[in-house]
Amino acid sequence: MLIINRLSSLLSKGLTRNSKIKLSLIGLSFIKPLSFLTGALLVPVLLGYLGTVKYGIWLTVYSMIGWTVLFDFGLGNGLRNNLGEALAKNDFVLGRILVSTTLIMLCLFACIIYAVFLLTMPFINWIVILNAPESLEQELKIFIMVIFSFFILRIMTGVIITILFSDQRPALGESINTLADALILVLIYIVTLYTENSLIYVGLVSSSLTAIVPFFVSIILFRHAYSRISPALRYFSSKYVTKLGGQGLQFFVMQ
């Protein structure tokens, strides 16, 4: 609780825009190297555990499904721009409307995408697409199902990172990803000690933490530092769907 209270206090301080930018630059100078180091350490751990064939499959599928972050149709970027203006004006009611509307729209998109995925999954031959050994057919299906499911969840839980960027706190946003990466490294290392050569275990750990970590951070911040813009169903506004979607679509096309 002490850590949560300190974090809440830090986020709630009335810092100027320039102060936030300076603090973020300092924070990023520490976080970026740490993130790079974590990723660099993960490669030999995975390669030694999975072997070259399965590691290649993991890397390919993880990269392919990573494109699901674009499935928000730019709503995250639309929120970032509009919320940044609202927070600069201390318009927390508008901020809450923007956050609530974005989350509900993302939930709707995620459900549609996931339904399409479930309907098409039985007809996709992943062995042919990935040029993988036929002996991995069943393992591949479970592996891809697990990764895609958590990536879809990540679309929604990642909104808290967008909010932090909107509030000129990119270092804190990046620290969430770095924390997830560090936990992935630790847990995958533990997995290598007690299991053998399983894409499913690696997929479960690597994809679940990228969704679960921001989810719990969201709960903490929406209850404390960002309680004034916490999402609620009654704050959904169809008026802002067009505004968020219009700007978001432009970002989506560029991406």
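This tour moves through the aromatic pairs, a charged residue over a ring, and one helix of a predicted model.

**Helix 2.** Begin by selecting Trp 58 and Tyr 62 in helix 2, which covers residues 17-65. The two are four residues apart, and therefore separated by about one helical turn. An α-helix has 3.6 residues a turn, so residues three or four places apart point the same way. The ring centres of Trp 58 and Tyr 62 lie 5.0 Å apart with the planes at 25°; since planes under 30 degrees apart count as stacked, this pair is stacked. Trp 58 has a relative accessibility of 7% and so counts as buried. Now add Tyr 55 and Phe 151 to the selection: together with Trp 58 and Tyr 62 they form one aromatic cluster.

**Helix 4.** Next, select Tyr 114 and Phe 117 in helix 4, residues 92-120. Their separation of three residues again amounts to about one helical turn. Here the ring centres are 6.1 Å apart and the planes meet at 25°, so this pair too is stacked. Tyr 114 is partly exposed at 26% relative accessibility, whereas Phe 117, at 8%, is buried. The aromatic pairs number seven in total.

**Phe 92 and Arg 228.** Select these two residues together. Arg 228 lies over the face of Phe 92, 3.8 Å from the ring centre.

**Helix 9.** Finally, select residues 199-223, the 25 residues of helix 9. Just before them, Ser 198 caps the N-terminal end, with a side-chain oxygen 3.3 Å from the backbone nitrogen of Ile 200. Further along, a kink of about 35° is centred on Leu 209. At 1.5 Å a residue the helix should span 36 Å, and its end C-alpha atoms are 36 Å apart, which agrees.

How values were computed: Residues are numbered from 1 along each chain as its sequence is written. This is a predicted model: local features need pLDDT of at least 70, side-chain atom pairs count only at pLDDT 80 or more; totals for chains, interfaces and linings use all residues. Side-chain values use heavy atoms; hydrogens and water are left out. The expected span of a helix is 1.5 Å times one less than its number of residues. The bend at a residue is the angle between axes fitted to the seven residues ending there and the seven starting there. A polar contact is a pair of N or O atoms within 3.5 Å; within protein, one must be able to donate a hydrogen and the other to accept it, and residues adjacent in sequence count only if both atoms are side-chain atoms. Rings of Phe, Tyr and Trp (its six-membered ring) pair if their centres lie within 6.5 Å; planes under 30 degrees apart count as stacked, over 60 as edge-to-face and the rest as tilted. Buried means under 20% relative accessible area, exposed over 50%, partly exposed in between (1.4 Å probe, protein chains only). A charge sits over a ring if NZ of Lys or CZ of Arg is within 6 Å of the ring centre and within 35 degrees of the ring normal.
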